Amino acid sequence: MSCPVTPPAGGTGPLAIDPLVQDLTGETLRLREAGPLTRIELLGVPAWTVTRHAEARALLTDARLVKDINAWGAWQRGEVTRDWPLIGMIDVDRSMFNTDGAEHRRLRTKTAQAVTPRRLENLRPVIEGITEKLLDELAAAGADGAPVDLKSVFALPLPMTVISELMGVDAAHHARLHELYKAFFSMLTPQAERLAVIAELDEFFTGVVAEKKAAPGDDLTSALILADEGGEPLTDEEVVGNLKAMVAAGHETTISLIVNAVRALLTHPDQLALVLAGEVSWETVIEETLRWNTPTTHLLMRFATEDIEIAGTVIPRGDGLVISYRAIGWDEDQHGPSAHLFDITRPTPIRHLTFGHGPHICPGAALSRLEARIALPALFARFPALAPAVPDRELRNMPVLTQNDLQAYPVRLTG
Ligand code: PLO
């Protein structure tokens, strides 16, 4: 098995996904052109991907596709091992992320109940408070028109603080946790180091669960530990698995939502003007951003337990399927010929699949929308002259194959 971290070669055959994300727009267009079901290569490992809305919707509710890595032929045959840089996205602790059916429901129900829109109303003042504090820090960092990185000073600490508060993870750990996740996701991290990072994350979250068991608090981790009336409690390992999934998903994706929304508005000033004039809602900005520039580029992975025929193609039993959300958001059959453009005035309703669909649909969707709904208007109210500090073409993605995340987003707060 070869795992070269090099740009993809040109030519025909399976489309090699670039782990360094040097041309995201080009890749999204190539995937869309390649057809609804396409063969790709992930660092030397073959897989399928679905790139269109209708087919993705069908596959996301198809019980013949499962998340259990043991259903993967390449894993069974030893063609994929823990040496593969993307293994940490698939071979993870048992949690709601990698189980299906009744097991999945058992692991997911309590979490999903904790983040319903109604329950989240209690978090609103907390998120508002965090936002105000971060806006003060942003103002200090960007005083006198100095360029400031909106990502590291605002878009990153906001969701990290919110998800940590929700789960009961102490703020003292934020910096280290972020460092670990950065190394976890980066395709430039040597695999031995990534495995050490995964071990450290395991150890950290196992410690959090032990602490909460000894002294339960008013947080979701403690709630997950406690048995439901008459219900079967989750094991410690299951709580750790869920906690890890939620902290990773709860901070990594919302960073992109916030950065991508600000970036879209600042590069489309006519549309920003409509929003600031109250003619288009922040909700529309958030949904159009989610559709047009999805936080998750490629979601790994589901496995076919039988041959699955779809769009004139057969996904053979044992093969892996990726969901290419960014290409799916640009599906012209779903969103019209301007699907590749950011347009908050588009005539068709924005019905995107960015949070997934079916049993695994993102349980944190309402939380991330609430964070963006609070952060974006507060940011523009505080800094009405907010502007990019570098030309948009100079922005670079992180070397992260699965996530759509900028390295930095330098802005100026005042004109
Ligand atoms: C991160 C490593 C954890 O140990 C397990 C885990 C669970 C949920 C995953 C997350 C990982 C990566 C980012 C994912 C998240 C679910 C939602 C988020 C894929 C693998 C998305 C959609 O980007």
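User: Which of the 14 residues around the ligand come nearest?

Analyst: In this predicted model, the residues that come nearest to the ligand are A245, A249, T296, L299 and Q403, out of the 14 that surround the ligand. Two of these also place polar atoms beside ligand oxygens: a polar side-chain atom of T296 lies 2.8 Å from an oxygen atom of the ligand, and an N or O atom in the side chain of Q403 is 3.0 Å from a ligand oxygen.

User: What percentage of the ligand's accessible area does the protein cover?

Analyst: On its own the ligand has 480 Å² of accessible area, and the protein covers 87% of that. Helix 9 (174-185) and helix 12 (236-266) are the elements that give two or more residues to the shell around the ligand, with helix 12 supplying the largest share, five residues. By class, the shell holds nine nonpolar residues, four polar ones and one charged one.

User: How should I read the packing of two helices, and at what angle do helix 12 and helix 14 cross?

Analyst: In general, two packed helices are described by the angle between their axes and by the distance between those axes. Here the axes of helix 12 and helix 14 (residues 282-292) come within 9 Å and cross at roughly 105°. Because angles from 65 to 115 degrees count as roughly perpendicular, helix 12 is roughly perpendicular to helix 14.

User: Which residues meet where helix 12 and helix 14 are in contact?

Analyst: From helix 12, L257, N260, A261, A264 and L265 meet W282, V285, I286, T289, L290 and W292 of helix 14. This contact has nine nonpolar residues, two polar residues and no charged residues.

Terms used
Residues numbered from 1 in each chain as written. Predicted model: local features only at pLDDT ≥ 70, side-chain atom pairs only at ≥ 80, totals over all residues. Heavy atoms only, no water. Near = heavy atom within 4 Å. Polar contact = N/O pair within 3.5 Å; in protein donor to acceptor, adjacent residues only side chain to side chain. Areas by Shrake-Rupley, 256 points an atom, 1.4 Å probe, with all protein chains shown as cover. Helix = DSSP H or I, 4+ residues; strand = E, 2+ residues; numbered from the N terminus. Nonpolar A, V, L, I, M, F, W, Y, C, P; charged D, E, K, R; others polar. Axes fitted to C-alpha atoms, helices over the stretch in contact; angles between N-to-C directions. Parallel < 35°, antiparallel > 145°, perpendicular 65-115°, else oblique. Contact = heavy atoms within 4.5 Å.
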